[in-house]
Amino acid sequence: MKSFFAAGGAVPWPINGLSLFMSFFSAGTFVVWGSIAYEWGWVAISIQMAMCISGFLIGAYIAPKWKNAQVLTVAEYLTQRFGRKTQQYYTYVFLVLSLGYTGAFLYPVAKILNVVTGFDIYHAIMLLGAIIMIYTAVGGLWAVVVTDVLQFVILTAAVLIVLPLSLEKVGGFQQFVQAAPDTFFHLFNEEYNFWFILAFVGYNTVFIGGNWAYVQRYTSVADMRSAQKVGYLFGALYLISPLIWMLPPMIYRVVDPGLVGLETEGAYLMMCMNVLPVGMLGLMLGGMIFATASSVNTSLNLAAAVLTNDVYKPLFPDSKAIHLMRVARWATLIFGLGTVGVAFLVPMAGGIVEVVLSIGAVTGGALYAPAIWGLFSKRQTGASILTVTAISLLINLHFKFIQPLLNGITLNRSEEMVLGVVLPLLLLATYEMYAAKKGKISERMPFFSDWKQRQGAPSDSHYKEAEIQNRFGIKVIGLALISIGIMFLVLGLIAKKGIFYTLLMGVIILILGLGLVKFTRTNRKGS
């Protein structure tokens with residue numbers, strides 16, 4: 001169970017940091033943010049770069065608290081901190097809403113395949129959903145994090161090839177700037193203004209710090225310091241990467257300014273199709289599909305963990321470990337089928353940008369802020385956080401769906417995001433002040449006092465088991481990178497354009513893979 005859902009509990013922090021980055025960054029990078037970059041320009045970079053603040057805040061304050069809680073899942077933490085009834089409420093709400101998230105994340109994977117190959121999008125959803133379900137059910141969290149790391153390397157190398165070739169296509173950076181729309185390099189615009197970005201930072205701090213799937217990245221490392229580094233690496237990558245990743249769809253606005261509506265969701269892929277040689281395009285397409293899929297497999301593994309560990313196991317406490325593993329794999333497949341169904345509905349809901357941002361604004365703060373607040377507060381109770389979540393969800397849903405029907409008034413993107421983030425925090429702060437004035441302390445205070453007792457040093461067998469898993473996982477990554485490096489070199493030799501960039505990336509990836517394989521052999525001899 002611990003291996004399947006926590007990868008042994010001591011994954012090296014760089015691997016988990018890259019996995020967290022890819023799980024979040026890939027969810028809509030090529031479709032959601034590619035669409036925004038094509039339509040609005042620099043605003044997409046402003047929004048994403050601001051997320052580095054969330055990463056640094058999580059690394060400094062939230063990630064070490066999660067590791068200190070010594071739990072396998074957030075549901076387990078809710079049980080210990082707030083009680084079984086509170087945990088059940090959040091578990092069922094989370095599972096239902098997770099179908100919306102993962103369905104929304106599966107849609108852009110299929111969209112990528114649809115744009116590049118013309119393959120029917122609904123057939124693509126079914127095919128890719130099946131592939132993701134199978135390898136997540138087989139490999140658990142290690143399958144998720146290894147896939148994430150490999151796609152990070154492939155896509156970083158690929159975009160470093162796409163970017164110079166895209167600039168060459170439009171005559172250089174200066175020509176691109178001159179041909180772009182007048183407002184293309186503004187930091188903000190009316191829809192995505194300063195207040196939206198500020199609220200977006202708050203939302204992502206809560207979402208990445210409290211989302212049940214991402215919390216796995218903080219709890220499956222060796223210690224609190226490693227958990228901090230996971231958050232810091234996420235922040236550092238978001239400080240640098242948006243500038244590199246968002247330029248290709250921005251450049252495509254100059255190449256083809258005629259995309260409208262849902263067509264803009266394919267801008268990133270169309271730029272790649274214009275400049276990459278056929279073989280390189282195929283490799284990047286595979287990378288994009290499974291990088292974007294990392295958000296799906298992360299959620300599938302987490303949902304299976306919750307269904308097995310926090311729903312099925314309490315109902316059948318005498319179940320043997322091998323039986324629980326079968327339940328975990330079946331839970332992965334069943335939840336995956338639900339995800340496929342939801343992905344079918346995304347086009348009817350107005351496209352991926354509307355779905356992702358709306359779901360986030362309505363549910364993010366209401367679901368995840370109370371759990372995070374409970375890590376720091378001894379006054380919050382199960383009743384208080386349930387009340388905050390219920391009130392926040394009802395008010396957010398009212399303004400999203402009911403208010404427009406009553407009087408035609410709708411919140412813009414910034415107002416929607418601010419309401420979703422600020423409201424639950426204000427309600428939590430209000431109860432905190434009330435409880436402090438009344439001198440109230442949570443009935444489950446022992447949870448806090450138990451933390452230090454549960455922080456005893458792990459046994460030697462735990463370290464040995466984790467070391468074996470880590471060495472094997474790193475070896476798999478190293479061997480895969482060697483194969484990828486060789487593919488880049490072969491593609492560089494047969495390419496008609498971008499030869500130098502492709503060969504250079506191939507050499508770098510090959511050296512990196514050889515280094516990792518050598519590290520595992522040296523590490524084994526040393527142990």
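A residue counts as buried when its relative accessible area is under 20%, as exposed when that area is over 50%, and as partly exposed in between (1.4 Å probe, protein chains only). With that in hand, here's the headline: buried residues make up 56% of the 527 residues in the protein chain. This is a predicted model, where local features need pLDDT of at least 70, side-chain atom pairs count only at pLDDT 80 or more, and totals for chains, interfaces and linings use all residues. Residues are numbered from 1 along each chain as its sequence is written, and side-chain values use heavy atoms, leaving out hydrogens and water.

**The overall build**

- The protein chain has 23 helices and zero strands; helices (H or I, at least four residues) and strands (E, at least two) are DSSP runs, numbered from the N terminus.
- Take the contacts (heavy atoms within 4.5 Å) between residues at least 6 apart in sequence: 85% of them join residues at least 24 apart.

**The nonpolar core**

- A nonpolar core is a set of buried Ala, Val, Leu, Ile, Met, Phe, Trp, Tyr and Cys residues joined through side-chain atoms within 4.5 Å.
- The largest one here has 148 residues, and the members that touch the most others are Trp66, Trp212, Tyr218, Tyr268 and Leu276.
- Helix α8 (residues 121-169) is the top contributor to this core, giving 27 residues.
- Have a look at Trp212: setting aside neighbours within four places in sequence, Trp212 is in contact with residues including Val74, Tyr90, Phe94, Leu302 and Tyr368.

**Rings that pair up**

- Rings of Phe, Tyr and Trp (its six-membered ring) pair if their centres lie within 6.5 Å; planes under 30 degrees apart are stacked, over 60 edge-to-face, and the rest tilted.
- By that rule there are 25 aromatic pairs.
- In one of them, Phe176 and Phe185 meet edge-to-face, 5.7 Å centre to centre with 75° between the planes.
- Phe176 is buried because its relative accessibility is 0%, whereas Phe185, at 28%, is partly exposed.
- Phe500 and Tyr501 also form an edge-to-face pair, with 5.8 Å centre to centre and 70° between the planes.
- Phe500 counts as exposed because its relative accessibility is 59%, while Tyr501 has a relative accessible area of 27% and is partly exposed.
- Ring pairs also link a cluster made of Trp33, Tyr192, Phe196, Phe200, Tyr203, Phe207, Tyr214 and Tyr368.
- A charge can sit over a ring too, if NZ of Lys or CZ of Arg is within 6 Å of the ring centre and within 35 degrees of the ring normal.
- Arg253 does this over the face of Tyr38, at 5.5 Å from the ring centre.

**Helix α3**

- Helix α3 (residues 29-40) is largely enclosed by the rest of the structure, because ten of its twelve residues are buried.
- Among those buried residues are Trp33, from the ring cluster, and Tyr38, the ring under Arg253.
- Just after α3 comes Gly41, which takes a positive phi of about 85°.

**Enclosed spaces**

- On a 1 Å grid over the protein atoms alone, a cavity is a set of points where a 1.4 Å probe fits but cannot get out, and lining residues have an atom within 4 Å of a point.
- Grid points are joined across faces, edges and corners, and a volume is the space filled by probe spheres set on the points.
- There are three cavities of 30 Å³ or more, and the second largest has a volume of about 90 Å³.
- Eleven residues line the second largest cavity, and Tyr101, Phe105, Asn211, Ala213 and Ser299 lie nearest its centre.
- α7 (84-117), α11 (212-219) and α16 (294-315) each give two or more residues to that lining, with α7 giving the most, four residues.

**Three spots to find**

- Pro277 sits in the loop between α14 (267-275) and α15 (278-292), and counts as buried because its relative accessibility is 14%.
- Pro277 is 215 residues from Gly492 in sequence, but their C-alpha atoms are 9.3 Å apart in space.
- Not counting residues up to four places away in sequence, Pro277 touches Ala495 and Lys497.
- Thr502 lies in helix α23 (residues 499-526) and is buried, with a relative accessible area of 1%.
- Leaving out neighbours within four places in sequence, Thr502 is in contact with Ile161, Met280, Phe488, Leu491 and Gly492.
- Ala69, in the loop between α5 (51-68) and α6 (74-82), is buried at a relative accessible area of 0%.

Methods: On a 1 Å grid over the protein atoms alone, a cavity is a set of points where a 1.4 Å probe fits but cannot get out, and a pocket is an open set with protein on both sides within 12 Å along at least five of seven lines; lining residues have an atom within 4 Å of a point.
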